[in-house]
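Open the model in a viewer and keep the sequence panel visible. The tour goes from one selection to the next and says what is there.

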Amino acid sequence: LVLVDIGRVQTEEMRQEYRTWRMCKRAMMPVSRLVKWMMKMLGASKRQVVAQVVPTSSQPITVKAAVAQTRSKSLQASNASFTSGPSPDDGLADDGVTGRDLAAGCQFAVVGAEQTPKMAWVSNEEPGTRRPVLASTEPATGEDAPMVLKDFSQCSQNAEISPVGVPGDSLDDGSHEPDPGGATSTGLQLPGEMVELLRWYVRMSGLGFHDFLDSRFRSILVTCFEASNNISIFFTTHAFSASVQNWRIQVLLLFFASFGAWFSWAGVQLLSRATQPLAFGPYKHYRLETVLTRHGSEGMEVMSPGVSDFGILGISRCSTQGSLSGSDSRNATAYPVFSGPFGNSFLVSYAQGTSMTGWHLTSSVLEGSHGQDPAYFSVWASNSDPVMDDPSCAFASERSEWRNVGDETVWCGVTWDKVGAPFWTFYVGLSSERISKNPWDFLRVPIELPLRRGLLQTWVLIPTWNQIFWTWVVPNPLITVFVAATAISGALRKSLHWIPKAAVLGGLCTLVTFLCHMVTFIISVGDGRAGIAGLESFVRGTPMLVLSLIFFFEGPQTVKFLSSCCALAFTMWFAMCSYFWHHPFARSPAGLFVVLLVLVVIVVGFQRWNISRAVKLLVPDQIRYDALWKTLSENEDGKAGIEHLEKVVRMIGLDENNYCRQHNRMRADKLPDPLRAKYQGQFQSSSNCQLMHPVFLDLGRWYMPGRADAKSVVTSINQLYYQAAVANLLVVERLKEWAARTSGMFKLKSKFPGEQRRYAKWDKDDPNLAQEVEYAMMKKHGRVIEKLVRSYFLEPSRLLDISRNCLIFESMSDLTQCLGNIVTDENVRVERLKNRLSPQYKAHETGGYRDVCMNLRVVNPISMALGAELHMCEVQLMLLDFAKLKTDEGHRRYRQARHSRGT
């Protein structure tokens, strides 16, 4: 009981206090050695005195008193020691209390000479070699009678303990004879194998291996997978953090980081260029061309610009009507030498080249002219003098649609550059020349001018610094640093465990990037015309939020979520491009999602190839299994047996979808007051009282045997393996009973390598058969951790097959009869049932292999006493013909297929 639940008693505060104590102990090592030598000499003298004294205390000793006495080392008799964990000098025991506390806490109760055989924790060897033995029934007398412990018969916190002699040799003499087993004082019969198992678990705990599996699991989680070139790594629980530890992925990430560094520099260039005092120029000629009107006229249908005035803005950002001339003429807007309409354009010319920060226009002053207001216009500039007698000056362009307006055009015999449109965004790409010359990217989005006539409107191209900074300067360096840091983290995390996981770095980076884009979006929304440009920030930022969640909650579905995130990002981007430029592929999407899309395509492609290879690996075995199944299902007897089995399974009412997890016992002290009082009263009056150890009662932990806590699942692999080892021995005993009743068979051990597998019916009267049976081994530690990382979301409670066993039958009727025996057996409880011998079962998922698989719990008194009654085990019922088709070569192919699938 202590080994099962003691890990739940220990707290982080206890561990920290223990570590602090160890540091102080090391600092005081020179002094402590002298003190230890003195105490050793004193202890030797003390033992000589105690050895001559027979303990004759007539008063019972309470558990609390025993703890105090053990701490002072005054409770010693015949060099007897009691412990189920580390030595009293080893610091903390499994439950967080000192070894001396546990030594007293593990004492059960007094045993008398007239009692039945008892379990005792006794040692006459050197300290640290203590082990449990079963005491004989004959009383021992004399001065050499050692103290003994037994299963207590009262659940009081003041359980009485008094020293009574026990006869016989209490030590293992070093031989390997099997333990005969025996009964406890409560009448609980323990087989020898169980006693031997418990003895070794106590030794492992004393040697400090009480949490070695959990420690190994934690160490693997630090580095996930130190190296892997298997594409299935992307489908594990730590998909991203594990994959970046592959050196190939690290090189690829650094390659992408170099591109990110260039885009980061491009963002800095954009900030420098876009925030200069002047946007374009100097140019001598500027013109506004209306290509779409409010009423929908376009192309040759547009006869006038639809404005009464047009001009450019200088550094002062004021129109000519509002500019001030005087002392500071540099801030004044230049006056044009010519200004007037030509066809669908309004031309403005200056005596010399003039730079601009924006432009202004005034709507037509004529009443009823609002239908001719420009809905989309372009601002053009040129230093070449236009040929005014050119016929193209007086007529509108012959472009079919206003959506096809480019960045250059020819008008009046000269080439014009586009320098303005109603809405714009900014360009950040690989072209440094484009950024330095014209970083504005003008949108093809119509505008609706106010209906008020003669109203002045202005457009300023120069943005505020925060509109550029939060969208174009901050995110790119963040992503670049993240990609580089991810590669470095994968390379160094094996030696520097304090480095955050790659998934954490990715989640933080993308979250900050999302916040930056949202800042720009909020700023842009507050600025009328810039609000439409803020839409781009929203489109860029939203997938970043989704991506950050994928990083934080990485798992086996990471690739699917990444593909969904890329689909969202590209859908939003293409929709935005269709609105801004009327073509979904007018602009390239964010480079990060392009990289992720390429990665997803590569991973999914290789995974498909791996799955197809896995299927091909299992094809030879599946052909044989399918041929056998076809023969069985076409045979009249076999068909009748299959139908009968299906009826039995339906009557049982369990299927493979039943909820199954490894749960802890319910604690009555955690229940509400009325229920706690009710259950504690029932518990003290029931036989389960004998299954509760006083150390738990002293700690206020009322564990209830046989009652699972639905809210508390097992989180320790060590606890699972302890329970599995105990339950496995009990399941094997039940297997023998079921096999004897239903002509069940076991696999026999091979006499020489390469021997064909042999099977034999169980005969309990044959002593040689028991030695030849090869029982299934418990699942290996490496495979358990592999399943937790790959498929079980790091949840040990999902492991239901650590203890797995198999019974083999010659006929379907024997198999069905055994299933009925198992379901009706009061010693077990079946929780889930998978009938793979059903015609509806999809056998290709298991390579054609078929059996009847169930998860069950052993609920007999021994499992209750040893804390394993809630542990789920797996039992397979298999036909002999299927068992004969299983080969070592086939199992090797199955393992390869399993690794290819990443399961």
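Which residue in β15 does Trp359 stand opposite? Select Trp359 and look across to β15: the residue there is Trp459. Before moving on, note that this is a predicted model, in which local features need pLDDT of at least 70, side-chain atom pairs count only at pLDDT 80 or more, and totals for chains, interfaces and linings use all residues. Residues are numbered from 1 along each chain as its sequence is written, and side-chain values use heavy atoms, with hydrogens and water left out.

**Stop 1: the three-stranded sheet**

Select residues 358-363, which are strand β9; this strand and β15 pair in the antiparallel sense over five bridges. Helices (H or I, at least four residues) and strands (E, at least two) are DSSP runs, numbered from the N terminus. Two strands pair if DSSP finds at least two bridges between them. Now show the whole open sheet, whose three strands come in the order β6-β9-β15 with antiparallel pairing. Its edge strands, each pairing on one side only, are β6 (307-313) and β15 (456-460). Neighbouring strands here are turned by 15° against each other on average, direction ignored. For such angles, axes are lines fitted to C-alpha atoms, for helices over the stretch in contact, and the angles run from 0 to 180 degrees between N-to-C directions.

**Stop 2: the six-stranded sheet**

Next, select the open sheet of six strands, ordered β7-β8-β5-β10-β12-β11 and paired antiparallel. β7 (338-342) and β11 are the edge strands, and each pairs on one side only. From one strand to the next the twist averages 35°.

At one edge, β7 runs antiparallel to strand β8 (residues 345-356), joined by five bridges. Select Phe338 to find Ser349 of β8 opposite.

At the other edge, select β11 (residues 408-411). In a regular strand the side chains alternate between the two faces of the sheet. Along β11, Thr409 and Trp411 point to one face and are buried, while Glu408 and Val410 point to the other and are not. Buried means under 20% relative accessible area, exposed over 50%, and partly exposed in between (1.4 Å probe, protein chains only). Val410 stands opposite Thr415 in β12. β11 and β12 form a hairpin with two residues between them, and Cys412 in the turn has a positive phi of about 55°.

**Stop 3: Thr486 and Ile249**

Select Thr486 in helix α12 (residues 475-492). Is Thr486 buried or exposed? Its relative accessibility is 1%, so Thr486 counts as buried. Beyond its neighbours within four places in sequence, Thr486 is in contact (heavy atoms within 4.5 Å) with Phe240, Val244, Leu253, Ala502 and Leu505. The C-alpha atoms of Thr486 and Val244 are separated by 7.0 Å, although the two are 242 residues apart along the chain.

Ile249 is in helix α9 (residues 247-274). Not counting residues up to four places away in sequence, Ile249 touches Phe234, Ser243 and Val244. Ile249 counts as buried because its relative accessibility is 19%.

**Stop 4: a loop residue**

Finally, select Phe553, in the loop between α14 and α15 (558-580). Phe553 is exposed because its relative accessible area is 64%.
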